[in-house]
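Trainee: Could you take me through one part of this model closely? I would like to look at the salt bridges and at the helix packing around them.

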Amino acid sequence: YLRGTIAKGLEDTSTGALCYEDSKLTKFHGIYMQDDRDLREQRRKQGIEKAFIFMARIRVPGGICTPAQWLTLDELSDKYCNSTIKITTRQAIQYHGILKRNLKRTIYEVNQALMDTIAACGDVNRNVMCNPNPY
């Protein structure tokens with residue numbers, strides 16, 4: 001049941017969004033639907049749909065990311081996202097600005113780099129923050 005209609009929603013080109021139910025399920029896949037705040041007011045005035053984009057959080061267990069994985073992540077941020085990589089306090093990496101049409105391919109290529117987004121968001125256990133200096 002976790003999948004809902006996510007696959008079908010990704011194929012729907014009539015909107016940049018996923019349906020409400022699927023947007024709640026995608027958090028377990030490390031993905032959140034957002035809208036471009038810079039375009040929000042302009043699009044509201046025009047009476048058109050929000051400019052939906054997605055955020056994907058990539059798990060980095062133990063904070064270990066190889067140089068090859070980093071280079072792949074950097075390449076993907078330019079190819080499918082808004083050319084930024086955010087490193088979180090819980091040892092994860094976030095991509096912002098992913099368009100729905102690029103979401104499936106982005107996650108696929110992250111997986112090909114032997115990384116994933118599963119359980120990187122939502123009501124799940126995540127990496128623990130701690131001080132590396134015991135004194």
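**Salt bridges and a helix pair**

Mentor: Happily; let us begin with one pair, Arg-40 and Asp-35, whose side chains meet in a salt bridge at 2.8 Å, N to O. A salt bridge here is a side-chain nitrogen of Lys or Arg within 4 Å of a carboxyl oxygen of Asp or Glu, and by this rule the count comes to five. Before we go on, please keep in mind that this is a predicted model, where local features need pLDDT of at least 70 and side-chain atom pairs count only at pLDDT 80 or more, while totals for chains, interfaces and linings use all residues. Residues are numbered from 1 along each chain as its sequence is written, and side-chain values use heavy atoms, with hydrogens and water left out.

Back to our pair: Asp-35 is buried, at 14% relative accessible area, whereas Arg-40 is partly exposed, at 39%. (Buried means under 20% relative accessible area, exposed over 50%, and partly exposed in between, with a 1.4 Å probe and protein chains only.)

Next comes Arg-59, which forms a salt bridge with Asp-116, the closest N and O atoms being 2.8 Å apart. This pair links distant parts of the chain, 57 residues apart: Arg-59 is in strand β2 (residues 52-59), and Asp-116 is in the segment after α5. Helices (H or I, at least four residues) and strands (E, at least two) are DSSP runs, numbered from the N terminus. Both partners are partly exposed, Arg-59 at 33% and Asp-116 at 22%.

Now to helix α5 itself. Arg-105 forms a salt bridge with Glu-109, with 2.9 Å between the closest N and O atoms. Because they sit four residues apart in α5, Arg-105 and Glu-109 are separated by about one helical turn. Arg-105 is partly exposed, at 44%, but Glu-109 is buried, at 13%. Salt bridges that share partners join these two and Lys-79 into one network.

Lys-79 takes us to the helix packing. Helix α4 (residues 67-80) and helix α5 (residues 100-112) pack at an angle of about 170°, their axes 11 Å apart. That makes α4 roughly antiparallel to α5, a term for angles over 145 degrees. Axes are lines fitted to C-alpha atoms, for helices over the stretch in contact, and angles run from 0 to 180 degrees between N-to-C directions. The contact (heavy atoms within 4.5 Å) is made by Thr-72, Leu-73, Leu-76, Lys-79 and Tyr-80 of α4 and by Asn-102, Arg-105, Thr-106, Glu-109 and Val-110 of α5.

How values were computed:
Angles under 35 degrees count as roughly parallel, over 145 as roughly antiparallel, 65 to 115 as roughly perpendicular and the rest as oblique.
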